[in-house]
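User: Hey, can you walk me through this one? I'd like to go piece by piece and ask as we go.

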Amino acid sequence: QPDDRGLIGDLPVLRVTRRGSEAVHFVPAELEPGAEVLLSLDWERRFDHMQQHSGQHLISAIAEQMFGFKTTSWELGRQRSVIELDTPLVTAEQVEDLEKSVNEKIRDRVPVTVRELAADDPEIETVKSRGLPDDHVGPVRVVDIKGIDSNLCCGTHVSNLSDLQVIKLLGVEKGKKNKTNLVFLAGNRVLKSIEQSHSTEKALTSLLKNGPGEHVEAVKRLQSSVKLLQKNNLNLLRDIAVLIARDFKSKPAPKQLFVLHRKEGDSEFMNIIANEIGTEETLLFLTVGDEKEAGLFLLAGPVEAVENLGPRVAELLGGKGAGKRGRFQGKAAKMSRRGEVQALLQEFISHQNPGA
């Protein structure tokens with residue numbers, strides 16, 4: 001169970017941990033030894049932990065009684081909690097029956113009590129336990145859910161199952177080593193989850209212009225439309241790439257350097273242009289993406305030139321890339337430096353053809 005938080009005087013408690021029989025509190029500044037201070041507990045956090053922890057005891061006990069599923073560990077998470085059950089399979093019907101049973105116990109207002117036993121009390125042997133820490137000192141706490149469960153526990157708990165309000169089992173996930181993780185919410189977390197779901201539902205109703213029962217079908221239709229638009233867009237980009245290349249090749253005296261930037265595009269778009277123009281004699285520097293942000297680049301041309309210039313182009317663009325057979329491509333973090341790359345390439349060509 002996570003630690004409690006709150007204030008010591010005006011100082012927030014950042015963390016609480018155990019050292020033997022002592023609770024060690026971490027605060028951001030030094031406290032005056034011997035000073036009298038007011039301790040303030042973060043009750044919302046504490047009560048949340050109480051609900052989840054008592055909920056875990058109840059679920060684990062009923063799961064073992066109904067189906068023989070033993071709990072091997074559990075985790076109290078910030079948003080949801082998980083119980084690890086020693087079974088490779090928990091069916092949907094079992095989850096439904098388990099949820100129904102634990103909520104019946106909540107409605108029955110079953111008391112929850114805490115007892116302290118001496119460490120050598122023989123009754124400890126009759127109580128569920130995963131063992132005590134090696135540095136444990138003092139009495140042992142036993143948490144009893146009347147007629148349902150008796151368990152060694154150092155955590156904080158409610159005094160009656162009615163304080164749990166409700167438990168919602170969210171389903172199961174595959175665990176490790178033939179085990180199953182059962183995910184649950186208890187108490188106020190169920191209410192918060194419903195509130196969040198309702199807010200999402202209202203937002204979707206406004207965006208999709210239909211009722212909650214039609215949201216799924218509406219999203220499916222939108223997904224289909226988006227896929228079709230993406231396909232059409234790719235086809236148009238391919239056509240544009242071919243036209244750009246043919247326009248360049250149709251000029252009477254093609255230049256040795258071809259530079260192009262387009263906001264919309266992808267690696268295929270750039271490679272189509274390179275394929276259509278040909279890279280035996282022409283050096284191509286192509287980029288796609290937002291001019292002021294990140295994007296993609298392609299340097300294509302004679303193999304020796306690309307091998308020499310590729311890493312330097314990537315460095316200027318603040319990116320990374322790789323290449324082979326006359327092509328070097330990758331991601332660029334600084335598209336605004338394309339002008340510097342173009343100057344580098346023009347200088348390279350000038351040195352290759354000093355009389356040009």
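**Strands, a helix and a few odd spots**

Analyst: Sure. In β5, Leu39 is the bridge partner of Ile8. Keep in mind that the model is predicted.

User: How many bridges join β1 to β5, and which way do the strands run?

Analyst: Three bridges join them, and the two strands run antiparallel. Strand β1 covers residues 6–8.

User: What's the strand order in that sheet?

Analyst: The order is β2-β1-β5, in an open sheet with antiparallel pairing. The edge strands are β2 (11–12) and β5 (39–41), each pairing on one side only.

User: OK, next sheet. What's the order in the one with β9?

Analyst: That one is an open sheet of three strands, β8-β9-β10, and the pairing is antiparallel. At the edges sit β8 (112–117) and β10 (149–152), each paired on one side only. From one strand to the next, the twist averages 25 degrees.

User: Which helix packs on that sheet?

Analyst: Helix α1, residues 43–67, which touches β9 and β10. The direction of α1 makes about 65 degrees with that of β9.

User: How many bridges join β8 to β9?

Analyst: Six bridges, with the strands antiparallel; β9 is residues 140–145. As for individual partners, Glu116 is matched with Arg141 in β9, and Thr113 is matched with Asp144 in β9.

User: And how many join β9 to β10?

Analyst: Four bridges, and those strands run antiparallel too. Val143 stands opposite Asn151 in β10. β9 and β10 make a hairpin with three residues between them, and Gly147 in the turn has a positive phi of about 75 degrees.

User: Is β9 largely enclosed or largely open?

Analyst: Largely enclosed by the rest of the structure, because five of its six residues are buried.

User: What does UniProt list for residues 140–183?

Analyst: An unreviewed UniProt entry lists that range as "domain: Threonyl/alanyl tRNA synthetase SAD". In the model, residues 140–183 are 0% helix and 50% strand, and the end C-alpha atoms lie 29 Å apart.

User: Where's Lys177?

Analyst: In the loop between β11 (167–174) and β12 (180–186). Lys177 has a positive phi of about 50 degrees although it isn't a glycine.

User: What's the general rule on phi?

Analyst: Most residues other than glycine have a negative phi.

User: Is Lys177 buried or exposed?

Analyst: Exposed: its relative accessibility is 75%, and the cut-off for exposed is over 50%.

User: What about Asn178, what's its phi?

Analyst: Positive as well, about 60 degrees, and Asn178 is not a glycine either. Asn178 lies in the loop between β11 and β12. With a relative accessibility of 61%, Asn178 counts as exposed.

User: Changing topic. Where does Thr282 sit?

Analyst: Thr282 is in the loop between α5 (267–277) and β14.

User: Buried or exposed, and why?

Analyst: Thr282 is buried, because its relative accessible area is 9% and buried means under 20%.

User: What does Thr282 touch?

Analyst: Leaving out residues up to four places away in sequence, Thr282 touches Phe248, Lys255, Gln256, Leu257, Phe258, Ile277, Ala300, Gly301 and Pro302. Take Gln256: Thr282 and Gln256 are 26 residues apart in sequence, yet 4.6 Å apart in space, C-alpha to C-alpha.

User: Let's go to α6. Where does it bend?

Analyst: At Leu309, by about 40 degrees, and a proline, Pro311, follows within four residues.

User: What end-to-end span should α6 have?

Analyst: α6 runs over residues 303–316, so at 1.5 Å a residue its 14 residues should span 20 Å. The end C-alpha atoms of α6 are 20 Å apart, which agrees.

User: Which residues of α6 are buried?

Analyst: Ala305, Val306, Leu309, Gly310, Val313, Ala314 and Leu316. That list includes Leu309, where the helix bends.

User: And what do the buried ones pack against?

Analyst: Four strands and a helix are on that list: β14 (283–289), β15 (295–300), β16 (320–324), β17 (327–332) and α7 (338–352).

User: Last one: what's the phi of Gly318?

Analyst: Positive, near 65 degrees; Gly318 follows α6.

Definitions and conventions. Residues are numbered from 1 along each chain as its sequence is written. This is a predicted model: local features need pLDDT of at least 70, side-chain atom pairs count only at pLDDT 80 or more; totals for chains, interfaces and linings use all residues. Side-chain values use heavy atoms; hydrogens and water are left out. The expected span of a helix is 1.5 Å times one less than its number of residues. The bend at a residue is the angle between axes fitted to the seven residues ending there and the seven starting there. Buried means under 20% relative accessible area, exposed over 50%, partly exposed in between (1.4 Å probe, protein chains only). Contact means heavy atoms within 4.5 Å. UniProt positions are given in the numbering used here, feature names are shortened, and annotations may be inferred rather than shown by experiment. Two strands pair if DSSP finds at least two bridges between them. Axes are lines fitted to C-alpha atoms, for helices over the stretch in contact, and angles run from 0 to 180 degrees between N-to-C directions.
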